[in-house]
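Biologist: Could you take me through one helix of this protein slowly, as I am new to reading structures?

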Amino acid sequence: MNLGEWGEDQAATYLAENGYRLLERNVRVGPCELDLVMTHEDMIVFVEVKTRVSSAYGSPEEAVTDRKRERLQRAAWGYLERTDQLNMPWRIDVLAIVVSPGRELIRLDHYPGAFDVGLL
């Protein structure tokens, strides 16, 4: 299992333990992929998971660039349109994970509604 898949597993488990329900995983919408599509408190939550072993290329949070944000927002709208849920409340969360080379969890930070409130 590659690092990205492993990180998505960790994120899905963490979120499920915190009341989220997984709807779909690795959903392709146009050129973008939605890592996790979940529900939480009657809201659809699109979760972008970034996992890093080191900070050599920056933190996981830094990997969510303005371009990535735009693509995720377009993909979220596309998903809502495709599933006929345009009237549902929704948000995009980011989960930043840092692990040791042996894949021991060092840090997991969850940013609910990350784009809405300027957390990232």
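Modeller: Happily; here is a close look at helix α2. Keep in mind that this is a predicted model, in which local features need pLDDT of at least 70 and side-chain atom pairs count only at pLDDT 80 or more, while totals for chains, interfaces and linings use all residues. Residues are numbered from 1 along each chain as its sequence is written, and side-chain values use heavy atoms, with hydrogens and water left out.

Helices here are DSSP runs of H or I with at least four residues, strands are runs of E with at least two, and both are numbered from the N terminus. Helix α2 covers residues 66-82, which makes 17 residues. From its first C-alpha to its last, α2 reaches 24 Å, close to the 24 Å expected at 1.5 Å a residue (the expected span is 1.5 Å times one less than the number of residues).

Now look at its two sides. Leu-72, Ala-75, Ala-76, Tyr-79 and Leu-80 of α2 are buried. These residues lie on the same side of α2 because they cover an arc of only 135 degrees around the axis (the arc is that of the directions from the helix axis to the C-beta atoms). On the other side, Asp-66, Arg-67, Arg-74, Glu-81 and Arg-82 are exposed. Buried means under 20% relative accessible area, exposed over 50%, and partly exposed in between, with a 1.4 Å probe and protein chains only.

What covers the buried residues of α2? The cover includes the strands β1, β2, β3 and β4. Finally, after α2 comes Asp-84, with a positive phi near 55 degrees.

Conventions. Contact = heavy atoms within 4.5 Å.
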